[in-house]
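Here is a model to look through. The questions ask what each label rests on.

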Amino acid sequence: MNTQTRKATAIAFPNIALIKYWGNRDQSLRLPSNDSLSFNLGDLRTTTTVEFDPLLTRDEVSIDGHKVNAQAYERVVHHLDRIADIDCGERRGLSECRSKARVMSNNTFPMGVGIASSASGFAALTIAACAALGLKKSEPELSSLARLGSGSACRSVPGGFVAWHDGYATSIATQSHWPLMDVIAIVASRHKTVGSTEGHALADSSPFQAARLADAPRRLSLCEQAIANCDFPLLAEVIEQDALMMHSVIMTSQPSVIYWVPATLSVIDAVRDLRDSGVPVAFTIDAGPNVHCICEAHAVKQVKQAVRQIEGVTDVIESGVGGPACVIPHS
Ligand code: PMV
């Protein structure tokens, strides 16, 4: 019996979508109904260690030092099984032959405030598990694997500005191409949230989803153009329209979901006032009430100052553009 542990650690950054992914054409493979575009949030980081240990009798999964709930546990274990199945297939032609694993994940950003950790979490988990098993995978292969854990995780594998076309994501511009910032206005919410997996499944029940999808290639191409030319006015117009289209679908799905709270709208208002006065800032909103204020680096101070004063904003978190996910050496 092999008693050797196999261990690796990887880091990954969450990402903020400028053109949103909402709805799947294949729910179980998490193949998206539309292509999307994001940038990695390099100042927020997930570090995940995976250690396959033949002496363990059960997988152990902790996030920020706490055992995860049953649903999160199953999702992580299922992902490890799927990666280990590749290993078994490649090495021995067997399945279900992996050792149990110890998975320890830590985030530098607070959990439960609505910053999705599933993207960076599944990107780091995929890369650490493959490295621990000695699987040599290309970036597109790692991105495809990460996608099976959480759709948007495929965009946290490559670095900088990233486009996800169907199966996997690739970088379209480097981290240093355009020093944009994301100033995230965290707003208090008493609402029960509907997770994105459930949300994707509801997308087609909105009569607006077909129109959103039909127009998605136009928005994606405008956003790519805005990034290539560092054209902020064009970026502002297209990302706000894209976010509002996604929320129109969410609000008109059956059952309807409204992620916004009054402070969400107050931040939207403030962002538009700032832009009218010449500040390069625009909003986007994920599946939650928080508002991501995307701005040029020189405008950060002004944006933060304005957003902090808004009633209902409980915290402000900022991040610049980040690089790719990668394995880090053990000290
Ligand atoms: O990857 P998921 O299933 O958490 O879905 C992400 C959905 C949005 O964050 C709302 C949009 C996106 O493209 O990231």
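Q: Why is the pairing of Asp 286 and Lys 20 called a salt bridge?
A: The term needs a side-chain nitrogen of Lys or Arg within 4 Å of a carboxyl oxygen of Asp or Glu. The side chains of Asp 286 and Lys 20 meet at 2.7 Å, N to O, so the pair fits the rule. The count between domain 1 and domain 2 is 1 salt bridge.

Q: What is the source of these values?
A: The model is predicted: local features need pLDDT of at least 70, side-chain atom pairs count only at pLDDT 80 or more, and totals for chains, interfaces and linings use all residues. Residues are numbered from 1 along each chain as its sequence is written, and side-chain values use heavy atoms, without hydrogens and water.

Q: What makes the two domains touch, and where do their bounds come from?
A: Bounds come from an automatic or database domain assignment, which gives domain 1 (6-175) and domain 2 (180-320). Contact means heavy atoms within 4.5 Å. By that rule, 32 residues of domain 1 are in contact with 40 residues of domain 2.

Q: Why does the backbone of Tyr 21 count as a polar contact of the ligand?
A: A polar contact is a pair of N or O atoms within 3.5 Å; within protein, one must be able to donate a hydrogen and the other to accept it, and residues adjacent in sequence count only if both atoms are side-chain atoms. A backbone N or O atom of Tyr 21 lies 2.9 Å from a ligand oxygen, so the pair qualifies. Polar side-chain atoms also lie by ligand oxygens: Arg 155 at 2.7 Å and His 200 at 3.0 Å.
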